[in-house]
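Visitor: Before any questions, please put the sequence and the model on display.

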Amino acid sequence: MAEPINLDHNATTPCLPGVIEAMAPWFGHAANPASPHQIGRKARQALEDARDRIAGRLGAWPDEVVFTSGATESNQSALLGLAPILPGRAPPTLLVSKLEHPSVATPVELLAARGAQVLPLAVNPQGEFETDQWPRLPEGPLLLIAHLAHHGTGAIQPVAELVQRMMELAPGLGRSHTDATQAVGKIRVNFHKLGVDTLAASAHKFNGPAGIGLLLIRRAKPWAPQTVGGGQELGRRGGTPSVALAVGMACALDLAHEQMAIRQAHCLELRQALLNRLWSACGPLEVIGPAEGRGLAHTVLARFTGVKAGLAVMGLDLEGVAASTGSACASGSQRPLPGLELLVADEAHRREVVRLSLGHEQTIADMEEAADRIGRVVCRLRGDRQ
Ligand code: PMP
């Protein structure tokens with residue numbers, strides 16, 4: 001069978017050899033960074049060095065960086081930790097769209113079940129947040145929840161403008177969280193400039209190791225810890241942190257930033273090569289999401305007309321192309337992209353949407369070969385002559 005081509009990088013990315021090398025010595029270092037002895041202090045130093053580097057890359061203070069197990073934990077801790085301490089006595093209003101990843105949508109449901117009111121953030125047909133169309137806000141505390149880059153469409157969102165607008169509309173009453181999992185390491189992210197209270201990300205989305213993520217929490221802003229017990233991470237996340245994984249995350253983020261312009265330009269070329277070849281191999285196809293240049297360079301949300309996405313993804317797997325129907329990070333699931341109805345009105349059309357996400361380590365030849373394989377599967381499913 002042909003070597004599989006990975007067009008599912010938004011699910012996870014390969015951990016780079018340089019990152020594995022940087023982590024290796026720390027897997028064998030038997031010391032807890034909280035231990036006061038010499039080898040403990042050495043581990044602590046490595047952990048704090050990783051924290052400093054990550055903070056520097058993301059425009060945060062080192063003491064605003066909390067190491068977590070990944071973005072799912074970060075999103076959940078951020079939202080459940082922000083909601084109970086919102087100013088005012090009334091239950092909070094959550095401003096959030098249906099486009100959020102399940103790791104955000106599920107805690108939102110939990111908060112709604114506890115009495116929070118949920119109001120939608122307006123989204124345009126390209127999946128971008130509208131900054132000037134706000135629902136009527138009730139009096140009382142607000143929590144704005146908005147991803148920074150979308151895992152399906154690749155839309156890069158105007159989070160700083162949304163936060164600014166919220167502060168004008170509800171001075172002193174608003175808090176905000178951004179899920180930056182698909183943005184960190186791909187585009188420049190500056191925590192303080194975004195103005196949010198909390199930010200979530202996962203190392204494995206930017207060529208770091210799986211099993212570690214980060215939660216940025218704004219200094220001096222109230223937030224209630226969700227994992228308590230050991231007092232680690234300045235009391236904000238109990239449990240022994242992994243020095244090796246933290247070192248790996250810092251190394252991956254450094255590499256991503258050092259190579260960002262080159263990677264972005266290369267991904268744009270790859271994307272163009274993929275789309276050109278797809279058009280000739282199996283047009284017509286519709287690209288759903290932001291206009292050219294407004295989204296993540298490596299993400300294409302495509303509708304292959306007349307082809308069921310679930311069948312396409314299975315057929316592509318057999319043909320040697322890894323793709324997804326949208327948000328399928330859960331084991332083996334191929335759930336449709338949450339909120340797709342906001343972008344694609346026709347229900348039958350929504351079932352034809354496939355997410356293709358490429359990686360900077362790939363080549364034009366990979367894209368052309370992938371497009372040819374996709375063309376074969378799509379034509380077969382359409383019943384076209386090949
Ligand atoms: N948010 C977004 C936008 C994601 O794409 C993902 C991963 N698919 C997550 C959160 C959760 O990340 P993790 O599985 O690493 O916890």
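**Questions at the model**

Visitor: Is Q232 buried or exposed?
Guide: The relative accessible area of Q232 is 16%. Buried means under 20% relative accessible area, exposed over 50% and partly exposed in between, with a 1.4 Å probe and protein chains only. Q232 therefore counts as buried.

Visitor: What kind of model is this?
Guide: Residues are numbered from 1 along each chain as its sequence is written, and side-chain values use heavy atoms, without hydrogens or water. Local features need pLDDT of at least 70, side-chain atom pairs count only at pLDDT 80 or more, and totals for chains, interfaces and linings use all residues, this being a predicted model.

Visitor: Which residue has its backbone nitrogen 2.8 Å from a polar atom of the side chain of Q232?
Guide: Q232 lies in the loop between β8 (213-217) and α7 (243-258). Leaving aside neighbours within four places in sequence, Q232 is in contact (heavy atoms within 4.5 Å) with R237, G238, G239, T240 and P241. The backbone nitrogen at 2.8 Å is that of G239.

Visitor: Which strands stand at the edges of the seven-stranded sheet?
Guide: Strands are DSSP runs of E with at least two residues, helices are runs of H or I with at least four, and both are numbered from the N terminus; two strands pair if DSSP finds at least two bridges between them. The open sheet has mixed pairing and the order β2-β8-β7-β6-β5-β3-β4. Two of its strands have a single partner each, so one side of each is left without a neighbour in the sheet. These are β2 (65-68) and β4 (117-119).

Visitor: What angle does the direction of α4 make with that of β3?
Guide: Helix α4 (residues 102-113) packs on this sheet and touches β3 (93-96), β4, β5 and β6. Axes are lines fitted to C-alpha atoms, for helices over the stretch in contact, and angles between N-to-C directions run from 0 to 180 degrees. For α4 and β3 the angle is about 155 degrees.

Visitor: How many of the twelve residues of α3 are buried?
Guide: Helix α3 spans residues 71-82. What covers its buried residues includes β2, α4, β5, β6, β7 (198-202) and β8. The helix is largely enclosed by the rest of the structure, because its buried residues number ten.

Visitor: What is the average twist from one strand to the next in the sheet of three strands?
Guide: This open sheet has antiparallel pairing in the order β9-β10-β12. β9 and β10 (residues 299-304) pair over four bridges, and I288 has L301 as its bridge partner in β10. From one strand to the next, the twist averages 35 degrees.

Visitor: Which residue forms a salt bridge with E286?
Guide: A salt bridge is a side-chain nitrogen of Lys or Arg within 4 Å of a carboxyl oxygen of Asp or Glu. E286 is in β9 and its partner is in β10, 17 residues apart. E286 is partly exposed at 35%, whereas the partner is buried at 9%. With closest N and O atoms 2.9 Å apart, that partner is R303.

Visitor: How far apart in the chain are E128 and R294?
Guide: Their side chains meet in a salt bridge of 2.8 Å, N to O. E128 is buried at 8% relative accessible area, while R294 is partly exposed at 49%. E128 lies in the loop between β4 and β5 and R294 in the loop between β9 and β10, a separation of 166 residues.

Methods:
Polar contact = N/O pair within 3.5 Å; in protein donor to acceptor, adjacent residues only side chain to side chain. Expected span 1.5 Å × (residues − 1).
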